[in-house]
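Okay everyone, thanks for coming. I'd like to walk you through a structure that's new to most of you, so have a look at the screen.

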Amino acid sequence: MIIIALLTLTFLHIKHWYVDFVDQDQREIAHKGIYGHWLGIRHSAKHGIGTAIAVALTLGPEMWLVSVLLGMFDSVIHYHIDWAKMHWGNQDLSQASFWAHLGLDQMAHYLTYVGIVAIIVL
């Protein structure tokens, strides 16, 4: 089970890096703080799809429903974490509080992944 947990966490972190730091465009970033805006929802949906794929890669295709449900769970959680950061967080890169808020945002996402892995292995 430990191999499944570590492999899933690895896939989730790679997915997170790609969707947040490679694939995300400026329009998504600009609209994540507007609750319900389709660009923020699109960004979070990418995370949900990536999570479903990451979980399916470790659990196998016979667990497709679990993969989809965990992807949906991640998408909803990711949306609200990002919205909170954009709504209440500092957006000025030159200030230390921006980096503290970004770090808090990233930690919240990673704790979500720990929760997803816990659901899988428990």
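Let's talk charges. The protein carries 6 positive and 9 negative side chains, and the centres of those two sets sit 5 Å apart. Keep in mind, by the way, that what you're looking at is a predicted model.

Now, one charged residue I'd like to pick out is Lys 15, in helix H1. Is Lys 15 buried or exposed? Well, its relative accessible area is 8%, and the cut-off for buried is under 20%, so Lys 15 counts as buried. And what does Lys 15 touch, once we leave aside neighbours within four places in sequence? Its contacts are His 47, Gly 50, Thr 51, Asp 74 and Tyr 113.

That Tyr 113 turns up again in the next bit, the largest nonpolar core. This core has 10 residues: Ala 5, Leu 12, Ala 54, Val 55, Leu 59, Leu 70, Tyr 113, Ile 116, Val 117 and Ile 120. Which elements give two or more residues to it? Those are helix H1, running 2–23, helix H3, at 38–59, and helix H5, at 96–121. H5 provides the largest share, with 4 residues. If you want to zoom in on one core member, try Val 117: not counting residues up to four places away in sequence, Val 117 touches Ala 5, Thr 8, Leu 9 and Leu 12.

Okay, stepping back to the overall fold. There are 5 helices and 0 strands, so reading along the sequence you simply get α-α-α-α-α. The radius of gyration comes out at 15 Å, close to the 14 Å that the globule rule gives for 122 residues, so the protein is as compact as a globular protein of that length. Along the principal axes, the C-alpha atoms fill a box of roughly 45 × 30 × 20 Å.

How much of it is buried? Of the 122 residues, 39% count as buried. As for the outside, about 6,900 Å² is exposed, and carbon and sulfur atoms supply 77% of that. And if you take the contacts with a separation of 6 or more, 70% of them are between residues 24 or more positions apart.

One last stop: Gln 95, which is in the loop between helix H4, at 64–88, and H5. Gln 95 has 38% relative accessibility, which makes it partly exposed. Go 11 residues along the chain and you reach Gln 106, with 17 Å between the two C-alpha atoms.

Key:
Residues numbered from 1 in each chain as written. Predicted model: local features only at pLDDT ≥ 70, side-chain atom pairs only at ≥ 80, totals over all residues. Heavy atoms only, no water. Core = buried A, V, L, I, M, F, W, Y, C linked by side-chain atoms within 4.5 Å. Buried < 20%, exposed > 50% of the residue type's maximum accessible area, 1.4 Å probe, protein only. Contact = heavy atoms within 4.5 Å. Rg over C-alpha atoms; globule rule 2.2 N^0.38 Å. Areas by Shrake-Rupley, 256 points an atom, 1.4 Å probe, with all protein chains shown as cover. Lys, Arg positive; Asp, Glu negative; His and termini not counted. Charge placed at Lys NZ, Arg CZ, Asp CG, Glu CD.
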